[in-house]
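Work through the following exercises with the sequence and the structure in view. Try each task on your own before you read its solution.

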Amino acid sequence: MIQLTNTSDAGFAVFKRWFRLRSGIDLEHYTDVALRRCIALATHGVGHDPKRLKQQIAARQICVQTCLRTMIPKVTYLFRDPEEWEHLHAFISWRIQCFPRPLRVWSAGCSYGAEAYSLTMLLDDLAPHYNHYIVGTDIDDNAIRASIEGIFSTEEADTISAKYGVRYLSARGNDHQVIARLRRQVVFEQHNLLRDPIKSDMDVVACRNVLTYLNKDAQTQMFDRFYASLMPGGMLFIGLDDPVPPSPIFLQLSRCIYMRLPGPAQSSTLSGPDFIQFIVKYVQIC
Ligand SMILES: C[S@@+](CC[C@H](N)C(=O)[O-])C[C@H]1O[C@@H](n2cnc3c(N)ncnc32)[C@H](O)[C@@H]1O
């Protein structure tokens, strides 16, 4: 009998292999804390024999999505950490003044879509005349299906500023739904941040409260991927408890917002004095 007490157990190796085959997701990328939650779910009332575990997993139909939901909570809110959204509003406003054009925005690990819709409301408020590209992605297809509906509880709807709530949410039964015009502006897709091709030429990547569940190597990999995804001068928006992006390639603008700096050999839409002036103005409005 093998005890599944830690993440390097042989029994856990069986589970990881099963999980990777079923989902294409490598659990090695996640923190031990997240993995332990996953193990607890998989072994609950099942025993610790790897063979039995395998049979029981199949028999109980413990599905990949349930494991993922257990490992990484889906908690999300519209305009989560409002102060940081105020900063983002100011930075995006400045960016649109400097470069008047539609923006490309990615909510990566969007859960039920609150973050993607918050971005959509913010852009519609700032620059409604542009056809912005807004994409929300998550590894969990149930979350993606729910995101498309854009339904939020009345309690949650009441937490957001009236300037957004009144214009962009409408009552639906006991809940509130994002208005159809805004829902049509967002594309939602199932997407594994660690494996699938990144979205390119982004002005803003919001990846909030996801990195904190990944181990150090995976976090480093993700910062490289976000760097490649963002245009020079683009912004990375992370969560309050997320790890800090590496400083030579990202400049901190506020507690959760970082600017992607141009690489040394890279041609940039901003260069020389323009770029310095741009950064100075950005930092001034912090
Ligand atoms: C705590 S929620 C964060 C939701 C939102 N970003 C926020 O801050 O309110 C974390 C989300 O990350 C998603 N996630 C975890 N691993 C992922 C991966 N490899 N690729 C894409 N999404 C992932 C989970 O499914 C979950 O919906």
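**Exercise 1.** In this predicted model, determine how many bridges join strand β3 to β5, and in which direction the two strands run.

*Solution.* Begin with β3, residues 151–153, and follow its pairing across to β5: three bridges join the two strands, and they run antiparallel. As a check on a single pair, S153 stands opposite D175 in β5. Next, turn to β4, residues 169–172, which is joined to β5 by four bridges, again in an antiparallel arrangement. Here S170 has Q177 of β5 as its bridge partner. Finally, look at the connection, where β4 and β5 form a hairpin with two residues between them, and where G173 in the turn has a positive phi of about 60 degrees.

**Exercise 2.** Sort the residues of strand β5 into those on its covered face and those on its uncovered face.

*Solution.* The rule to start from is that in a regular strand the side chains alternate between the two faces of the sheet. Going through β5, residues 175–178, you find H176 and V178 on the covered face, whereas D175 and Q177 belong to the uncovered one.

**Exercise 3.** Compare the expected span of helix α5 with the distance between its end C-alpha atoms, and then find which of its residues are buried.

*Solution.* Helix α5 covers residues 82–98, which makes 17 residues, and at 1.5 Å a residue the helix should span 24 Å; because its end C-alpha atoms are 24 Å apart, the two values agree. The buried residues of this helix are W85, L88, F91, I92 and R95. Seen down the axis of α5, these buried residues fall within an arc of 125 degrees, so they line one face of the helix. On the other side of α5, by contrast, E83 and Q97 are exposed.

**Exercise 4.** Identify the buried residues of helix α7, and name elements that cover them.

*Solution.* In α7, residues 141–149, the buried residues are A143, I144 and S147. They cover an arc of only 100 degrees around the axis, which puts them on the same side of α7. What covers these residues includes α6 (114–126), β2 (133–138) and β6 (186–190). After the helix comes G150, whose phi is positive, near 60 degrees.

**Exercise 5.** Decide whether S111 and N209 are buried or exposed, and describe their phi values.

*Solution.* Keep in mind that most residues other than glycine have a negative phi. S111 lies in the loop between β1 (104–108) and α6, and its phi is near 55 degrees, a positive value in a residue other than glycine. Because S111 has 24 C-beta neighbours inside 10 Å, it counts as buried. N209 lies in the loop between β7 (202–206) and α11 (216–229), and although N209 is not a glycine, its phi is positive, about 60 degrees. With 20 C-beta neighbours inside 10 Å, N209 counts as buried, since 20 or more is the condition.

**Exercise 6.** State how many residues surround the ligand, and which are the closest.

*Solution.* The ligand is surrounded by 24 residues, of which T76, G109, S111, L193 and R208 are the closest. Sorting this shell by class gives eleven nonpolar, seven polar and six charged residues.

Methods. Residues numbered from 1 in each chain as written. Predicted model: local features only at pLDDT ≥ 70, side-chain atom pairs only at ≥ 80, totals over all residues. Near = placed C-beta within 6 Å. Nonpolar A, V, L, I, M, F, W, Y, C, P; charged D, E, K, R; others polar. Expected span 1.5 Å × (residues − 1). Buried ≥ 20, exposed ≤ 12 C-beta atoms within 10 Å, placed from the backbone. Arc of directions from axis to C-beta. Contact = placed C-beta atoms within 7 Å. Pairing = 2+ DSSP bridges.
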